[in-house]
Amino acid sequence: MPFLRKASSVAMGSMYQVQSKLRQDLGLHKIQAVRKPGRELNGTKAYVSAMARYGFNPTEESRFFHLKKTDLTKEFQRRGYTRRWEQLVRTPQERPDDPHTDNEPVPAEDQQYDTQYLCEIGIGTPQQKVKLDFDTGSADLWVRCSDSSLLHHADKKFDPKKSDTFQESKTDQTWKIQYGDGSTASGTVGTDIITVGGLQIKNQAIELAKKVSNAFSSGEADGLLGLAFSTINTIESDGKPDPQPTPVENMISQEDIPKEAELFTSAFYSARDDKSEEKSFYTFGWVDEDLVKASGKDISWTPIDNSEGFWKFPSESATVNGENVSVSGNTAIADTGTTLALVSDTVCKALYAKIPGSKYSYRYQGYLIPSTITTDQLPQLSVAVGGKQFVIQKEDLLLAPADNDHWYGGVQSRGTMPFDILGDTFLKSIYAIWDQGNNRFGAVPKIEVTQHTEFPTIQASPEASSPEPADKIDHVALVELLKRSMKNLQAQ
């Protein structure tokens, strides 16, 4: 063991040395991840966003669920399979004064932009600055362009005509993303140089959003930068899938990037930690050695399975206050595009069984924690990344106020998803190294010394302060009837 630790230290020292030279030669720097202005976290909205993003249904009685029907479009018939079109809806009205209509679709803006942070990059020559969501759960780089049909309040959009290096696609490439309520974003494709943290990435596919639904008009971001794997990129040529390399894949293909630097890293901090400054950041091509040393631990590496396009790894156990919770064969993905940490019902129930006064709420579609909870009363939860357990710090078990008396829990059920989704709730507790060149995920703990669990003063909405609906069971029965009807329809 001492020999292995020494060998590991030597390898890490060599990696840092190579990265330090690259950083100096290219002028690499941190990319500040800034919290979206005016964005208040909403637990139910974060959960529904994850449902829409991954298409899962809850396993508990819930207000929101997916309806499915078969959509045999010509396009999908050409590809040789039947498309299952999904719509995310809420249950029928729960109160006479409920302002929502029966089975109302969830707006696209609630399904996109679940990320908490925006990062600035440069596109083109000369550089045009845009602020994007960095998302390890998707693989498209799309931006609002100057001739977009979208009326967006952001004053910074990419104008390809002002870039000397922009090249239009020669193969009639297009892209289109459709959300659960039928809203869409689509456009054409070109290539250009992007600059991320001082690192220039050439010949990058840029998806120009030219036609977008009005549902996106209130978004803060200028677009999205996907950091997953290109197998889930949505670009098409002549109606057929034609996925293009992601920025990191293009970075790896460049001859000026050594093997030791074919990675990016992320460090997120809670708004409750230090409101005087934005500490969250990404790096491309180098690891923050000082942050690793501050953890007092070596980087723990685990191989990833990218066959589905995600950063997926084994996660076969969890602990709650030191008690092991086995989830044999379980896997998880790390996703910066999801706010919550979504785990199996087994782990979820084991966690909330240890939190005094916690309960599942049908209205809020998730587990709630009393506002009076103290740091000492919260259990210590850890989840496995490969063969090592990482603690989710206690303050992040409390996502945001649900009403005047409860927190919405930062850890929730993954529902019918076959794997865990470890979003920002988990990622705030580690320094993550996304080593794409070596097909591995690395992490060291990053736990704040002081855990801020004080409940803020809020102005709750009438709905937020209202009790659970007395007629819940009747409506759940109706929802189940709808589900069975749709299932029968599909079987015909």
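Is Gln365 buried or exposed? In this predicted model, Gln365 has a relative accessibility of 1% and therefore counts as buried, given that the limit for burial is under 20%. The residue is found in the loop between strand 22 and strand 23. Its phi is near 55°, a positive value in a residue other than glycine. Most residues other than glycine have a negative phi, and most peptide bonds are trans.

The chain as a whole comprises 492 residues, of which 54% count as buried. Nine helices and 31 strands are present. Among contacts in the chain with a separation of 6 or more, 71% are accounted for by residues 24 or more positions apart. The accessible surface amounts to about 21500 Å², and carbon and sulfur atoms contribute 49% of this area.

The two strands that flank the loop of Gln365 belong to an open sheet of four strands, which has the order 22-23-27-26 and antiparallel pairing. Strand 22 (359-361) and strand 26 (398-403) occupy the edges; each has a single partner strand, so one side of each lacks a neighbour in the sheet. From one strand to the next, the twist averages 45°. Within this sheet, strand 23 (residues 366-370) and strand 27 (residues 406-409) run antiparallel and are joined by three bridges. Leu368 has Tyr408 of strand 27 as its bridge partner. Strands of a sheet pair through backbone hydrogen bonds, either parallel or antiparallel.

A further set of antiparallel pairings centres on strand 31. Strand 16 (residues 300-303) runs antiparallel to strand 31 and is joined to it by four bridges, with Thr302 standing opposite Phe441 of strand 31. Strand 30 also pairs with strand 31 in the antiparallel sense, here over six bridges. One of the bridge partnerships links Asp435 to Arg440 in strand 31. Strand 30 and strand 31 form a hairpin, and four residues lie between them. Asn439, located in the loop between these two strands, has a positive phi of about 55° although it is not a glycine. With a relative accessible area of 30%, Asn439 is partly exposed, whereas Gln365 is buried.

Aromatic contacts connect several of these elements. A search of the whole structure finds 20 aromatic pairs. In one of them, Phe264 and Trp434 are stacked, with 5.6 Å from centre to centre and 5° between the planes. This pair links distant parts of the chain, since Phe264 lies in strand 14 (residues 264-267) and Trp434 in strand 30 (residues 430-435), 170 residues apart. Both residues, Phe264 and Trp434, are buried. Trp407 and Phe455 form an edge-to-face pair, with a centre-to-centre distance of 5.1 Å and an angle of 90° between the planes. Trp407 lies in strand 27, while Phe455 lies in the loop between strand 31 (440-445) and helix 8 (462-465), so this pair ties together parts that are 48 residues apart in sequence. The two partners fall into separate accessibility classes: Trp407 counts as buried at 1% relative accessibility, and Phe455 counts as partly exposed at 22%.

The stacked residues Phe264 and Trp434 also take part in one aromatic cluster, together with Tyr117, Phe134, Phe229, Phe268, Tyr282, Phe284, Trp311, Phe313 and Phe441. Phe441 is thus a member of this cluster and stands opposite Thr302 in the pairing of strand 16 with strand 31. Charged side chains are placed over aromatic rings at two sites described here. The charged end of Lys30 sits over the ring of Phe281, at 4.1 Å from the ring centre. The charged end of Lys446 is positioned over the ring of Tyr269, 3.9 Å from its centre.

A cis peptide bond occurs from Thr125 to Pro126, with omega near -10°. Pro126 is found in the loop between strand 4 (117-123) and strand 5 (128-135). Thr125 is also one of the residues touched by Ser163; the others, leaving aside residues up to four places away in sequence, are Gly124, Gln128, Phe158 and Asp192. Ser163 itself is found in the loop between strand 6 (141-144) and strand 7 (167-168). Its relative accessible area is 8%, and Ser163 is therefore buried.

Note on methods. Residues numbered from 1 in each chain as written. Predicted model: local features only at pLDDT ≥ 70, side-chain atom pairs only at ≥ 80, totals over all residues. Heavy atoms only, no water. Pairing = 2+ DSSP bridges. Axes fitted to C-alpha atoms, helices over the stretch in contact; angles between N-to-C directions. Phe/Tyr/Trp six-rings, centres within 6.5 Å; stacked < 30°, edge-to-face > 60°. Buried < 20%, exposed > 50% of the residue type's maximum accessible area, 1.4 Å probe, protein only. Lys NZ or Arg CZ within 6 Å of the ring centre and 35° of its normal. Contact = heavy atoms within 4.5 Å. Areas by Shrake-Rupley, 256 points an atom, 1.4 Å probe, with all protein chains shown as cover.
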